[in-house]
Structure formats: C-alpha cells, structure tokens
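Subject: Structure handover

Hi,

Here is the structure I promised to pass on. My notes on rings and cores follow it.

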Amino acid sequence: MELAGKTAIVTGASSGIGAATVRKLREAGVRVAGGARRVERIDADEAFALDVTDEASARAFVEAAVGALGGSFDILYNNAGLALGRVPFWESTPEDEATVIHTNVDGALRMTRLCLPFIRDGGHILFTGSVAGRQAYPNGASYIAAKFGLRGFVYALREDLLGRPIRITTVDAGLVTETEFSLTRFKGDADTAAAVYEGVDTPTADDVADCVLFALTRPPHVNVDEIVMKALAQSSGSRIVRRADA
Ligand code: NAP
C-alpha cells in the first residue's frame, strides 16, 4: 500500500509515540492533522487543540481537522493516553482513576465515533494499546483496567465494521523510551521515571511508529489486528531482566 497522498489524524501528537508517528507519516507523504492539549508542541501539517476526555473539545477538533484535510480522511491513529501513579490499588485516588479511564478508553471511543463518518473507504483506524492491556502487573490497576477496556472496544469495533472497507490495528507495546509516559505517570519525578528504563535496551517511539507504518502498508485485503512489541529483556509488565550494572 502506497501512503503518499493519504491523509491522517493522530491524537497525542505532541510527544512520544504520537510525535514520532506524525514524523514518519509525513516522511511517507501523508498529510497529517495532529491533536493534543499542548497544541504548541505539535509538529504536523495541521495542529489543533484536543482534549479527548471532553466531548466539546473533541467535536471542535474533528470539525477543524477534517475540514483542513478536505472533508474526509484515510487514517485515524487513536494514540492519546496516559497512566497515573504506580501504587497498590487501595492508594489509588478517584481523580487519577477517572483521568486514566476517560483518556485511554472514553477518549478512544469518542474520537472513533466522531471520526468514523469522515473516514474514506480503504481507511484505517489504529490504536496504541499496551502490554498492560494483556497481562496484569502489580500497582497499575487503573491503567491496566483502561488498556484491557480499550482492547475490548477494538475487538467489538472489528465486529461492527466487518464487511466495510476499513481496517483496524492495535499496537500493544511494553517499555518504550523517548516518550514522556513515565514522567507523566510519576507526576514529574524525573529520577523515578528514568529508573523504569535502567539496564534495559527498550524499543523507542520510532520503533512503535514503524509498527504503525507496517500495518498501514500491508495490501488492502490484509488486516493486521494486533502487534505486540516488547524489549527482548521484557516478557510482561512485571518481568524485566535488567543488566547487572543497572
Ligand atoms: P507521552 O510522550 O506522554 O505522550 C502521550 C500523548 O498523549 C501526549 O501527546 C499527550 O498530549 C497526549 N494526551 C494525554 N492526555 C490527553 C488528552 N486528554 N487529550 C489529548 N491528548 C492527550 O507518552 P507515549 O508513550 O508516547 O504515549 C502514547 C501512548 O502509548 C499512550 O496511549 C500510552 O498509554 C501508550 N503506551 C506507552 C508506553 C510507554 O512505555 N511509553 C508503552 C505502551 C503503551 P498532551 O499532554 O499535550 O495533551
């Protein structure tokens, strides 16, 4: 599949995996509209403010982005997401739980619902899941619940869209560096965030973006349902073999 000349919307485009994917899509000749709350940090053909947890913000974003892309488009990458905290569930707060569920789950449902009428035949909807949505690990309950929930939605969407010429893919990654994921999770504590990746050669945001482009460039009759990608030294969210010097 040739990507040049296609159009895309990427959520969570202001950093990490989203920013890397925007860059690679544009290198492949795709015209990209990016969305995030920190709109000033988005480097895309079109950039509009987006809070996926807010219906009015998402509606305004979709109207602006679809308009800028010509009234319809080809690729939706539902990538915006986050985790908050790494604590036993009894220390979880209602505020963090709500933010994590609303961003990762409701946000992806909302954006898919709002964008679907504008996705052209031959289009593709992609999601960033996580290994947290496949295997539980200690002290991450709200994020694990959210990514399991997202995976359920994607399976259900695949059923509802079956027979229509729109492909669906989820990329479930383990540890990924060159993102702000852990900085956000640990609420700005840079040392704790950095320790997550010590002694492990991890995939980068670019490696995840490569998975997105792989799925997009398969022949039109091939749907890559899921890609699960981890560091070689990681088997799950909780099993990581770190180098002795770490
Ligand atoms: P990141 O660098 O922190 O990027 C997260 C992106 O999501 C940012 O662009 C952020 O933009 C956006 N976002 C967060 N809340 C949003 C909201 N309410 N509305 C719109 N955009 C919002 O981390 P990342 O690793 O690239 O994360 C991207 C995705 O990968 C997430 O779904 C995450 O769960 C998943 N993931 C990450 C890892 C990892 O280890 N890094 C592993 C597996 C899966 P603003 O803050 O500007 O809004």
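R218 sits over the face of F214, 3.9 Å from the ring centre. A second arginine does likewise: R151 lies over the face of F148, at 5.4 Å from the ring centre. Keep in mind that this is a predicted model.

Aromatic pairs

Searching the whole structure gives three aromatic pairs. I describe two of them here.

F127 and F153 are an edge-to-face pair, because their planes meet at 85° and edge-to-face begins over 60 degrees. Their ring centres are 6.0 Å apart. This pair links distant parts of the chain. F127 belongs to strand β5 (residues 119–128) and F153 to helix α4 (residues 141–161), with the two positions 26 residues apart in numbering. Both rings belong to buried residues: F127 has 0% relative accessibility, and F153 has 17%. The cut-off for buried is under 20%, so F153 still qualifies.

Y143 and F181 make a tilted pair. The centres are 5.3 Å apart and the planes are at 55°. Y143 is in helix α4, while F181 is in helix α5 (residues 181–185), so this pair ties together parts 38 residues apart in sequence. Are the two partners buried or partly exposed? Y143 is buried, at 6% relative accessible area. F181 is partly exposed, at 26%. That value is not under 20%, so F181 does not count as buried.

Nonpolar cores

How many residues does the largest nonpolar core have? It has 30. L25 and V208 have the most contacts inside this core. Seen by element, two or more residues each come from β1 (7–11), α1 (16–27), β2 (31–36), β4 (73–78), β6 (166–173), α7 (205–216) and β7 (226–229). Helix α7 gives the largest share, eight residues.

V208 deserves a look on screen. Setting aside neighbours within four places in sequence, V208 contacts I17, Y77, V171, A173, V176 and M229.

There is also a second, separate core, with 27 residues. Among them are F73, C115, V154 and L157.

If you open the model now, start with R218 over F214. Then go to the F127 and F153 pair, and finish at V208 in the largest core.

Best wishes

Terms used
Residues are numbered from 1 along each chain as its sequence is written. This is a predicted model: local features need pLDDT of at least 70, side-chain atom pairs count only at pLDDT 80 or more; totals for chains, interfaces and linings use all residues. Side-chain values use heavy atoms; hydrogens and water are left out. Rings of Phe, Tyr and Trp (its six-membered ring) pair if their centres lie within 6.5 Å; planes under 30 degrees apart count as stacked, over 60 as edge-to-face and the rest as tilted. Helices (H or I, at least four residues) and strands (E, at least two) are DSSP runs, numbered from the N terminus. Buried means under 20% relative accessible area, exposed over 50%, partly exposed in between (1.4 Å probe, protein chains only). A charge sits over a ring if NZ of Lys or CZ of Arg is within 6 Å of the ring centre and within 35 degrees of the ring normal. A nonpolar core is a set of buried Ala, Val, Leu, Ile, Met, Phe, Trp, Tyr and Cys residues joined through side-chain atoms within 4.5 Å. Contact means heavy atoms within 4.5 Å.
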